[in-house]
Amino acid sequence: MSKFAGFGRTLAVTLIVSASLAGAAKAQDVTDDQIKAARAAIDAIGATSGFDNILPSLAARVKATFVQASPNFEAEINTVVDEQAIALAPRRADLEKEAATIYAKTFTQDELKAIADFYSSPVGKKLLSDGPIATREVMKAAEIWAAGVSRDLQTESGKKLDATIGAAAPADGAAQQPQQ
């Protein structure tokens, strides 16, 4: 029985290694031109600009944790954590490369060029800057509309039900208490 257990572990390890190598091979399917087109699209839409605050936020969190544990050494903690954060900053390029690879796998090179062209245009830039404002206003309008429809649905349904079932329905919509 132990021979089969060893074989099972060997098979599992082989499958895991094969899957990871297949993933690495798939990552190589992306050409330099696709990555270049993806970078242009990402830059045009600012897809990764929101990640600029990750490292500073993490550094602030680490500082707070260390200062809480050793409040008398705040200056030293700030200096060390800042130095380490600066040392880690070049790793931001890894995230950019990963984002470009994901975009290159998701969109064709022509699609990426079209995305970059549109969002680099005045209309595309306006959509990026004013689109969130328009979306927020549309969401507000939808909430107001839904509240009005809900009110009207309740009111009109209540009138029809009163006419249909009359006094048998509770006036406030709550379930009647059973008599004992």
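With which residues is Thr101 in contact, leaving aside its neighbours within four places in sequence? In this predicted model, the residues that Thr101 meets under that condition are Val30 and Ile35. Thr101 itself has its place in helix α5, and a relative accessible area of 12% means that Thr101 is classed as buried, the limit for that class being under 20%.

Beyond the end of α5, which spans residues 92-106, Phe107 lies in the loop that leads to α6, residues 109-120. The relative accessibility of Phe107 is 30%, so this residue counts as partly exposed. When residues up to four places away in sequence are not counted, Phe107 touches Leu112 and Ile115. A further relation concerns Ala37, which is 70 residues from Phe107 along the chain, while the C-alpha atoms of these two residues are separated by 9.7 Å.

The packing of helix α3 against helix α4 can be described in some detail. Helix α3 comprises residues 54-69 and helix α4 residues 74-88, and the two pack with their axes 10 Å apart at an angle of about 150 degrees. Because angles over 145 degrees count as roughly antiparallel, this angle makes α3 roughly antiparallel to α4. The crossing in which α3 passes α4 is right-handed. On the α3 side, the contact is made by Leu55, Ala59, Val62, Lys63, Phe66 and Val67, whereas α4 contributes Glu74, Ile77, Asn78, Val81, Asp82, Ala85 and Leu88. By character, the residues of this contact between α3 and α4 divide into nine that are nonpolar, one that is polar and three that are charged.

Charged side chains also pair elsewhere in the model, and the count of salt bridges comes to ten. One of these joins Asp52 to Arg92, with the closest N and O atoms 2.5 Å apart. Asp52 is found in the loop between α2 (32-45) and α3, whereas Arg92 belongs to helix α5, so this pair ties together parts of the chain that are 40 residues apart in sequence. Both partners are classed as partly exposed, Asp52 because its relative accessibility is 47% and Arg92 because its relative accessible area is 22%. The two residues also belong to a network of salt bridges in which Arg39, Asp43, Asp52, Arg92 and Glu96 are linked.

Two further salt bridges are each formed within a single helix. In helix α6, Asp117 and Lys113 lie four residues apart, about one turn of the helix, and their side chains meet in a salt bridge with an N to O distance of 2.9 Å. Asp117 has a relative accessibility of 42% and therefore counts as partly exposed. In helix α7, which covers residues 122-165, Lys126 and Asp130 are separated by about one helical turn because they are four residues apart. The closest N and O atoms of the salt bridge between Lys126 and Asp130 are 2.7 Å apart, and Asp130, with a relative accessible area of 31%, is partly exposed.

Technical notes: Residues are numbered from 1 along each chain as its sequence is written. This is a predicted model: local features need pLDDT of at least 70, side-chain atom pairs count only at pLDDT 80 or more; totals for chains, interfaces and linings use all residues. Side-chain values use heavy atoms; hydrogens and water are left out. Axes are lines fitted to C-alpha atoms, for helices over the stretch in contact, and angles run from 0 to 180 degrees between N-to-C directions. Angles under 35 degrees count as roughly parallel, over 145 as roughly antiparallel, 65 to 115 as roughly perpendicular and the rest as oblique. A crossing is left-handed if the near helix is turned anticlockwise from the far one by less than a right angle, and right-handed if clockwise. Contact means heavy atoms within 4.5 Å. Ala, Val, Leu, Ile, Met, Phe, Trp, Tyr, Cys and Pro count as nonpolar, Asp, Glu, Lys and Arg as charged, and the others, Gly among them, as polar. Buried means under 20% relative accessible area, exposed over 50%, partly exposed in between (1.4 Å probe, protein chains only). A salt bridge is a side-chain nitrogen of Lys or Arg within 4 Å of a carboxyl oxygen of Asp or Glu.
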